[in-house]
Amino acid sequence: MTTKKSQDLPAKEAALMRQVAKFHDNKQHKKGLKTAETILKKFPDHGEALAMKALFLSGLERKEEAHETVKKAIKNDIGNHVCWHAYGLIYRAEKNYEEVIKCYTQALRIDKENLGIFRDFASMQCQLRNMEAFVEACLSVVLLRPSVKQFWLTLAGSFHLAKDLDGAIQAMKLYHEMFMTYVEKGVEYENSEIHLYRAMLLEEAGDRKGALEMLESNEKSILDKKSYKETRARLLLEMGELKQAEIAYKALFKVNPDSYSALEGLQKSKGLFNDLDEKKTSSLFELFEDLVDEHRRSNALKRVPLNYATGERFAKMIDSFLRFNLQKGVPSLFMSVRSLYSNPEKLAKIEELCLSYVRNLTSHSTFGEFVKYEEDDVQVVEPPSAVLWVYYYLAQHYDFLGQRKEALEYIEKAIQHTPTLVELFMTKARILKHAGDIQQAMQVMNYARNLDLQDRCINTKCVKYMLRAGQIEEAEKTIILFCRIDSADKLNDLVDMQCTWFAYESAMAYIARGDYGRALKKFNIIEKFFYDIYDDQFDFHTYSIRKATMRTYINLVRMEDQLRAHPFYFKAAVEAVKLHVAAFDKKILDDKQKTEEMSQMSESDRKKALRKAKKAELAKGDSKENIATTGAAAKGADSKDAKKKDDDPDGSKFLNESDLLTESLKFLKPLLDLSPGRIESQVLGVSVYLRRKNYLLAVKCLKKGFQIDAANPELHKLAVELALAVQTDATIHEKVKPIVVEVLGNLLDGKLNDLKGFNQNFGKKHGKDSI
């Protein structure tokens with residue numbers, strides 16, 4: 001049968017094709033599939049109908065059928081852009097973005113003016129951070145439809161992300177001339193965001209005066225008054241307009257008297273921030289006193305002056321601050337003043353005051369010394385809870401100083417005073433953990449959890465302590481108490497919720513147990529969490545433009561670029577790379593041991609051992625296949641349940657069936673790209689690249705590592721190993737070796753051929769302080 005295109009279909013089938021398109025837009029996959037198959041009964045080779053059927057199959061998770069169908073569609077109608085676009089959408093659902101780009105490129109060759117494909121193509125380029133291609137795609141869209149304002153915003157955003165600020169400013173200037181010269185109803189918020197975005201562009205381009213004029217000239221149109229005031233104050237400060245900046249920050253502080261940033265800006269505007277002499281310090285306290293008269297309830301004005309006060313002034317101020325918070329029973333008091341502990345004099349004064357509070361409160365229920373009053377005077381007596389909070393504070397104080405015995409004494413006193421307060425047991429558990437008794441700490445934390453079974457925070461803390469104590473099964477039973485009641489697999493819910501802390505702590509517990517396979521599996525789950533978070537930005541490439549929230553969109557993209565610099569990812573990636581390296585070394589050692597054992601066997605025994613190993617491997621594979629088949633059969637025809645079946649519960653796939661060093665690179669590269677200033681990143685870089693025999697990359701990491709911390713013992717050890725490897729490896733490329741040798745020679749103080757001497761020098765220099 002001759003291939004027919006959608007416009008050649010009879011009226012009835014053409015109407016059905018329009019219905020198919022609606023079903024796709026509304027994600028009604030089953031109805032759409034049924035309708036597409038109705039068309040294909042009469043026209044089985046119709047390209048667009050086959051392409052739409054493939055999209056519905058993809059939506060129903062029937063991926064193999066979807067690929068077969070869309071390939072058939074392209075084969076039957078290779079010159080139809082719909083078929084290629086559909087193929088791209090199928091790949092997009094599978095997150096195979098490189099293939100998506102290829103499909104969209106082919107579709108655009110066929111239909112150079114298709115806006116839908118162009119917009120998808122532009123979003124994909126941004127997702128992959130191909131910024132030049134992103135700008136070109138946005139320009140093409142604007143040239144096709146210059147009357148659509150959203151396309152101009154996308155163009156400005158593409159220039160901005162490509163760091164072409166002049167292009168972005170020009171695009172927004174044209175946008176303003178074309179679309180904001182007349183008043184349009186319902187776009188007040190949109191116009192407000194545009195004014196703020198234009199100011200943001202000018203500020204980043206270094207034109208602070210222009211940005212300030214942009215804000216002030218459009219003040220009435222800007223609805224986000226908080227952002228307006230904050231941006232204006234910041235610009236005035238950066239421009240050196242200190243008097244105006246002072247007025248602006250005072251206005252901000254008046255709106256929110258607990259704003260530390262507004263108070264900091266006010267200090268900077270008066271030149272009273274950091275490294276102050278006696279005269280400036282006096283002026284600063286005059287400023288604080290003036291502000292206190294207006295804002296007596298401001299917590300910021302009570303806390304910030306403590307950073308600058310010294311001597312008798314500090315003693316009076318900290319006494320007042322501590323008494324106020326202890327009377328109120330503020331649990332976070334210690335966290336508020338902990339930063340003052342860097343000053344030994346302030347630390348000693350705080351300890352002295354707290355100990356005096358204990359003496360006075362226990363003897364006559366006041367913070368101060370006993371004073372004999374006249375008969376008509378009223379004795380001010382503190383409530384019984386006051387001494388409780390002093391005990392609580394002192395327990396945290398001594399724990400921070402590493403004096404665990406004193407910390408435990410005071411927390412026990414607090415518990416005897418009020419044995420039902422959950423925070424006390426949580427603090428006792430923390431002290432025990434710091435003292436090294438993780439088992440006892442876990443038991444105390446579990447007792448605290450049972451005091452308040454409705455508290456998710458305590459439940460979480462208890463689970464963390466259980467995992468650190470090696471009680472993995474008990475931790476899993478406890479964590480699911482707050483999962484969905486109707487869920488069949490509650491632990492899997494934690495994966496769906498991207499519960500990173502639980503995955504990390506579980507991985508560390510499995511490492512402590514020696515179960516490296518399950519640990520690697522957990523680390524790969526964390527990697528997937530961050531991949532999914534990065535992938536989730538895709539829809540915002542169009543959504544944010546549609547809502548005109550350009551500032552938020554630019555900040556989102558920048559945040560996503562730095563996503564894997566997050567502390568949670570960093571510590572997980574460090575442990576994951578260490579584990580991959582340890583597993584690789586163990587595998588090499590085991591293989592070497594097996595080879596030695598084989599070499600000592602007779603020929604017949606060697607053959608028997610090989611046959612036995614082969615049978616065991618085959619039995620292992622059959623067992624896995626049977627488990628998967630049985631699991632799928634037990635679930636019946638429900639593909640979603642079959643999908644949830646875990647075919648690798650012990651993580652052996654990650655441990656035994658993969659190239660461990662190659663797998664480690666997906667964790668290592670983000671560390672080197674986003675956290676290059678951390679010594680851990682460079683140490684792991686040398687460790688992995690040395691084993692992969694990538695000597696140039698290894699020596700590059702070694703050089704950066706020496707710049708960060710040349711006294712690091714692990715780095716020193718790796719430097720010696722790298723030098724030995726370069727000298728003994730006969731496979732190293734003849735052009736690479738001279739470069740590596742030269743750099744290593746400089747790093748090792750010219751002792752590349754005298755490694756024992758280099759090692760002895762390091763020992764003499766750092767022996768007392770280095771492991």
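Which residue just after α15 takes a positive phi? In this predicted model, that residue is Gly271, whose phi is about 70°.

The helix that comes before Gly271, α15, spans residues 260-269, and its buried residues are Ala262, Leu263, Gly265, Leu266, Gln267 and Ser269. These buried residues pack against several other helices, which are set out below with their residue ranges.

| Helix packed against by the buried residues of α15 | Residues |
|---|---|
| α13 | 225-239 |
| α14 | 242-255 |
| α16 | 278-294 |
| α17 | 299-303 |
| α18 | 305-308 |

A further helix pair is formed by α9 (residues 149-161) and α11 (residues 188-204), which pack at an angle of about 25° with their axes 12 Å apart. Because angles under 35 degrees count as roughly parallel, α9 is roughly parallel to α11, and the crossing of the two is left-handed. On the α9 side the contact involves Lys149, Leu153, Ala156, Gly157 and His160, which meet Glu190, Ile194, Tyr197, Met200, Leu201 and Glu204 of α11. By class, this contact comprises six nonpolar, two polar and three charged residues.

Turning to the interior, the largest nonpolar core has 155 residues, of which Ile318, Leu322, Ile350, Phe523, Leu702, Leu722 and Leu744 touch the most other members. Helix α22 (residues 385-400) supplies the largest share of this core, with eleven residues. Once its neighbours within four places in sequence are left aside, Ile350 is in contact with Phe314, Ile318, Leu322, Leu340, Tyr341 and Tyr393. Another core, of 76 residues, lies apart from the largest one and includes Met17, Ala54, Ala171 and Tyr553.

Terms used:
Residues numbered from 1 in each chain as written. Predicted model: local features only at pLDDT ≥ 70, side-chain atom pairs only at ≥ 80, totals over all residues. Heavy atoms only, no water. Core = buried A, V, L, I, M, F, W, Y, C linked by side-chain atoms within 4.5 Å. Buried < 20%, exposed > 50% of the residue type's maximum accessible area, 1.4 Å probe, protein only. Helix = DSSP H or I, 4+ residues; strand = E, 2+ residues; numbered from the N terminus. Contact = heavy atoms within 4.5 Å. Axes fitted to C-alpha atoms, helices over the stretch in contact; angles between N-to-C directions. Parallel < 35°, antiparallel > 145°, perpendicular 65-115°, else oblique. Left-handed = near helix turned anticlockwise from the far one by under 90°. Nonpolar A, V, L, I, M, F, W, Y, C, P; charged D, E, K, R; others polar.
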